[in-house]
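Me: Could you take me through one part of this structure slowly? I'd like to see how a single helix sits among its neighbours.

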Amino acid sequence: MSENLIACRGLSKAYGRKAALSGVDLEVGRGRIVGLLGPNGSGKTTLIKLMCGLLQPTTGQIEIGGLPVGTETKAMVSYLPDRMYFANWMRAVDLFDLFRDFYRDFDYEKAIAMCRSLGVEPHDRLKTMSKGTKEKVQLVLVMARKAQLYLLDEPIAGVDPAARDFILHTILTNYNEEGTVLISTHLISDIEKVLDEAIFLKTGKVMLHETVDHIRETQGKSVDALFREIFRAQTLEGGEF
Amino acid sequence: MEWKLTDDRPIWLQLTEQMTRRIITGVYPPGSRLPSVRELAAEAGVNPNTMQRALAQLEQDGLAKADRTAGRMVTQDTAVLEDVRRAQARVVMDQYFNAMAELGYSPAEAAELLKEEKE
């Protein structure tokens, strides 16, 4: 087993002329919970999509568990997209069947148990569910796998603060301990205390990659406060409108 | 007992302090078994690695020791517990004397006042 679970070297992605990521070098170890933090349009979703093979890098390399992104790495990666992609007529249990077929590491019993603890009725149809409930179903699908790498793109954006705590609790108590969880979000204060490390993305570049405790020790403030400080002045740079 | 985490300091340090407090106040009695890292982490809503680090510090302070089979036990060494309790009491007393000094009382006066107040 290679030491780093994620290794990116000189990773860039451009959509036409617009650069979404430029020259990202990144290494993330195993057994970590990592926050991928940055304002809108900083490249968080692009980076995650590159890691799960939904996008191809323009230049540079990316490896998961020592392998280039491909069929083998997809079996190791559990991905929570930032939007729903399921048909409305389906029930949660239909999705569980689908996932059981697709992924060898999907634990059906665990998925049902997680639904119960999140207060979701697994036999309800998706179209009868609220947005927050659908997000919970999606989270269950992703966390009921025993994956090496969980990529969670904005897992808490659509739910109320009380449900947020519950979802974080679900993530904490269900992730595979040798696996790593990468959570992208801009709701930093809500997830800060579950993180080992924070990665700050700014206009497609990694501008900081540190452990949360180190940030607090050296800066004397929370990651949330540091984030606000770093990204505050941005809009003023252009001068007049 | 609630976990209180503030923004300005490392989380593991705050966890160590609160675990220490729980031990010296007898929430976890001497010789008892501490909950597992996972349980404590879930209860406090923090990362298990962070809780692990906090518990390692407790071991270093002599307040807990790892048992190969039974997890972590609270120390039975009452001298260690008393030392830690005294150290925490000293912090409280320092705060008192500092606040009184700001009000213009010498340490002797402050001590005298405290005694009168209690009688």
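Reply: Sure, and keep in mind that this is a predicted model. Let's start at the tail end of helix α4 of chain A: just past that helix, A:G119 has a positive phi of about 75 degrees.

Now step back into the helix itself, which spans residues 108-118. Which of its residues are buried? They include A:A111, A:M114 and A:C115. Why do these three end up on the same side of α4(A)? Look down the axis: they cover an arc of only 105 degrees around it, which puts them on the same side. Go round to the other side of α4(A) and you'll find A:E109 and A:R116, which are exposed.

So what do the buried residues of α4(A) pack against? Their neighbours in chain A are α3 (92-102), α5 (131-143) and α6 (161-174).

To place the helix in a wider picture, have a look at the sheet too. Chain A has an open sheet of six strands, in the order β6-β7-β8-β3-β9-β10, and the pairing is mixed. β6 (77-80) and β10 (205-211) stand at the edges with a single partner strand each, so one side of each has no neighbour in the sheet. On average, neighbouring strands here are turned by 15 degrees against each other, ignoring direction.

At the β6 edge, β6(A) pairs with β7 (residues 149-153) in the parallel sense over four bridges; one of the links joins A:L80 to its bridge partner A:L152 in β7(A). Over at β10, helix α8 (residues 212-219) of chain A lies across β9 (197-202) and β10, running at about 90 degrees to β10(A).

Terms used
Residues are numbered from 1 along each chain as its sequence is written. Chains are lettered from A and ligands numbered from 1 in the order in which they are written. This is a predicted model: local features need pLDDT of at least 70, side-chain atom pairs count only at pLDDT 80 or more; totals for chains, interfaces and linings use all residues. A residue is buried if 20 or more other C-beta atoms lie within 10 Å of its own, exposed if 12 or fewer, and partly exposed in between; C-beta atoms are placed from the backbone. Helices (H or I, at least four residues) and strands (E, at least two) are DSSP runs, numbered from the N terminus. The arc is that of the directions from the helix axis to the C-beta atoms. Two residues are in contact if their C-beta atoms, placed from the backbone, lie within 7 Å. Two strands pair if DSSP finds at least two bridges between them. Axes are lines fitted to C-alpha atoms, for helices over the stretch in contact, and angles run from 0 to 180 degrees between N-to-C directions.
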